[in-house]
Amino acid sequence: MLYYVTKTGLPKFDSCRAYGLALILRQLANKKRVTITNTGNLYLIDGPEMDDFIANPSFDSSLFALSDGWCSTLLTTGRTPKAERLKPKSKDNIQKEIVSVQEVIYEFKIWLKQFQHPSVIEIKSSISKGFSSLPASVDAVASKGTRREKRRGYSEGEQLFVPIIDWALSLFGHAHFVRSAWAGGDYASLLPIPQFVKLNDHRNLKATLDTQFLCTLSATTVAAHYAIQWINGVRKQKSSQSIYSDRYDSLVVQTMTYSGNNWKPSNGTIFPLDYPIQLVEDNLAISAEIFDVWNHVFRWGSVKGNEMLALTLAKFLSQPTLTTFEEHAKVHLRMSITDDKRRKYGVYQEEWLKEILQYVKQ
Amino acid sequence: MSNNELQLSAVFTNPGVRAFGQALRYALRDDDQSPDYASLVELEYVETKQGFAEVIKKFLRRYKSQVNRRDKDKKVSFVPNQTDLEALMQLADELGDIRPIRAALIAHALVYTPKKQTETETTDNQGAK
């Protein structure tokens with residue numbers, strides 16, 4: 001059966017809702033196959049019929065347990081991304097929010113029907129019954145700001161209020177599908193936007209990558225390194241499973257910065273995945289070698305004194321042009337010729353470089 | 001596709017670029033003698049076709065003296081020949097832009113070559129004049 005998640009123009013909020021709903025459907029139908037398809041104006045979720053739901057569904061309690069995922073979702077409430085560092089008052093506030101999400105989700109029999117047909121979501125700028133304010137950590141666009149003409153007076157700007165069901169789904173999706181990491185003093189959250197994904201495969205891939213090291217020099221290095229790891233994971237699945245068909249569009253990146261009292265949105269962007277995807281589609285074997293080199297470069301670039309290596313590579317991956325390639329190649333060459341120890345890190349073969357340059361725009 | 005839109009990978013595989021890129025790699029990774037950083041710096045900042053020709057001329061002179069010193073130690077090294085030089089300059093003429101060639105040469109210098117291969121590689125060793 002198809003479920004429809006209509007897009008609102010807030011990319012992270014929309015993807016989180018789609019992932020959140022898909023995870024709920026998977027729980028309700030005892031882990032049956034659930035897929036998400038991006039059709040442009042909405043996400044289509046192919047899940048179980050309501051008749052297929054298990055008689056007395058019980059959600060896995062770990063889904064609503066206090067974790068780092070929930071802390072990074074409710075960063076403006078808890079004021080720390082790590083659960084063990086929460087102060088007692090912040091801990092109470094976060095737990096209250098999680099319980100509110102849980103209560104809304106448990107009423108699935110009431111709200112699930114509204115996702116069986118496409119419907120436009122109403123977003124308000126003032127508080128109303130049945131609406132809740134979207135935290136800035138879930139989507140940068142939701143941060144307080146002036147969204148209408150102002151002629152006089154000072155105001156911090158208004159928040160965004162979304163229907164409580166969409167609020168709960170987005171928070172739930174954010175807590176379980178977003179990878180968070182420090183990024184040069186800020187806190188970054190990363191979420192792959194799906195084209196077509198099977199939820200099980202996606203969750204397995206995310207679980208594998210969650211423990212891997214990320215180059216945390218800046219938001220761009222975190223995003224580029226995660227993008228490489230993610231597409232390398234997709235490549236591995238493709239080479240081992242003949243029926244693997246998950247596809248991704250891009251990576252939503254958002255950074256939050258600590259202002260001394262609270263967390264504020266710092267930056268939000270879309271990191272394109274086209275370039276690494278093209279490399280994989282062109283040659284599975286060579287792309288594996290290239291990703292391995294880049295993974296080493298990001299690791300090596302995280303060491304003090306080698307930062308330019310990682311920064312230039314991240315810039316190249318975000319925008320693969322002649323200028324950015326040359327910039328990275330110069331830095332890489334200088335580092336590898338001036339220090340013998342560096343030679344074993346990130347060494348290219350001629351064929352790999354030919355492949356890398358194939359999709360570089362002039 | 002016009003020459004100006006020539007793919008960077010096609011520039012990279014051009015025989016002239018390949019030969020000079022390989023020579024640049026050996027010149028920079030010469031552990032026994034001093035690596036030729038001067039040519040690298042000159043190459044990085046060259047913008048015009050005339051400037052490029054001058055940089056290549058200087059590079060060849062330095063590289064040949066590096067090779068001659070190596071020959072005394074009975075190590076045979078690779079030297080780009082006249083055909084390679086002609087192919088490189090013809091490509092520069094066709095493109096009308098030095099940047100892709102510059103990037104491709106630096107990319108060739110990045111290629112990893114085991115030390116043994118550098119020392120044993122032989123060519124017809126005519127050398128560009």
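What follows is a set of questions and answers about a predicted model with its chains A and B.

Q: Why is B:Ser77 called buried?
A: Count the neighbours: B:Ser77 has 23 other C-beta atoms within 10 Å. The cut-off for buried is 20 or more, so B:Ser77 counts as buried.

Q: Where in chain B does B:Ser77 sit, and what is it in contact with beyond its neighbours within four places in sequence?
A: Look in the loop between helix 4 (49–72) and helix 5 (82–95) of chain B. With those sequence neighbours left aside, B:Ser77 is in contact with B:Tyr26, B:Val67 and B:Arg70. B:Val46, on the other hand, is 31 residues away along the chain, and its C-alpha atom is 26 Å from that of B:Ser77.

Q: What makes up the secondary structure of chain B?
A: Helices, 7 of them, with 0 strands. Reading from the N terminus on, you get α-α-α-α-α-α-α. Of the 129 residues in chain B, 39% are buried.

Q: How many of the contacts in chain B with a separation of 6 or more link residues 24 or more positions apart?
A: The share is 80%.

Q: Why is A:Arg79 called partly exposed?
A: A:Arg79 has 19 other C-beta atoms within 10 Å. Buried would need 20 or more, and exposed would need 12 or fewer. The count of 19 falls in between, so A:Arg79 is partly exposed.

Q: What makes the phi of A:Arg79 worth a look?
A: Most residues other than glycine have a negative phi. A:Arg79 is not a glycine, and yet its phi is positive, at about 65°. You'll find A:Arg79 in the loop between helix 3 and helix 4 (88–106) of chain A.

Q: Why is helix 7 of chain A called oblique to helix 8 of chain A?
A: Start with the angle: the axes of helix 7 (residues 199–210) and helix 8 (residues 219–240) of chain A cross at roughly 125°, coming within 10 Å. Roughly perpendicular runs from 65 to 115 degrees, and roughly antiparallel begins over 145. An angle of roughly 125° fits neither, so helix 7 of chain A is oblique to helix 8 of chain A.

Q: Which residues make that contact, and is the crossing left-handed or right-handed?
A: The crossing of helix 7 past helix 8 of chain A is right-handed. Helix 7 of chain A brings A:Asp201, A:Leu205, A:Thr208 and A:Leu209, while helix 8 of chain A brings A:Gln229, A:Trp230, A:Gly233 and A:Gln237. Sorted by class, the residues of this contact are 3 nonpolar, 4 polar and 1 charged.

Q: How does helix 8 of chain A cross helix 11 of chain A, and which residues meet there?
A: That crossing is left-handed. The axes of helix 8 and helix 11 (residues 307–318) of chain A come within 9 Å and cross at roughly 65°. On the helix 8 side of chain A are A:Thr220, A:Thr221, A:Ala224 and A:Ala227; among their partners in helix 11 of chain A are A:Ala310, A:Leu311 and A:Ala314. The classes here are 7 nonpolar, 3 polar and 1 charged.

Q: What makes up the two domains of chain A, and how many residues does each give to their contact?
A: The domain assignment gives domain 1 (1–121 + 169–177) and domain 2 (181–362) of chain A. Their centres, taken over C-alpha atoms, are 28 Å apart. Domain 1 of chain A gives 18 residues to the contact, and domain 2 of chain A gives 18. On the domain 1 side, the largest share is 6 residues, from helix 1 of chain A. That side has 8 nonpolar, 6 polar and 4 charged residues.

Q: Which elements of chain A touch chain B with two or more residues?
A: They are helix 12 (322–338) and helix 14 (350–358) of chain A. Overall, the contact takes 18 residues from chain A and 19 from chain B. Helix 12 of chain A gives the largest share of the chain A side, 8 residues. By class, the chain A side has 10 nonpolar, 4 polar and 4 charged residues.

Q: Which residues of helix 14 of chain A are buried, and what covers them?
A: A:Trp352, A:Leu353, A:Glu355, A:Ile356 and A:Leu357 are buried. Their cover includes helix 9 (274–282) and helix 10 (284–301) of chain A, along with helix 1 (8–13) and helix 6 (99–110) of chain B.

Conventions:
Residues are numbered from 1 along each chain as its sequence is written. Chains are lettered from A and ligands numbered from 1 in the order in which they are written. This is a predicted model: local features need pLDDT of at least 70, side-chain atom pairs count only at pLDDT 80 or more; totals for chains, interfaces and linings use all residues. Two residues are in contact if their C-beta atoms, placed from the backbone, lie within 7 Å. Axes are lines fitted to C-alpha atoms, for helices over the stretch in contact, and angles run from 0 to 180 degrees between N-to-C directions. Angles under 35 degrees count as roughly parallel, over 145 as roughly antiparallel, 65 to 115 as roughly perpendicular and the rest as oblique. A crossing is left-handed if the near helix is turned anticlockwise from the far one by less than a right angle, and right-handed if clockwise. Ala, Val, Leu, Ile, Met, Phe, Trp, Tyr, Cys and Pro count as nonpolar, Asp, Glu, Lys and Arg as charged, and the others, Gly among them, as polar. Domain bounds come from an automatic or database domain assignment.
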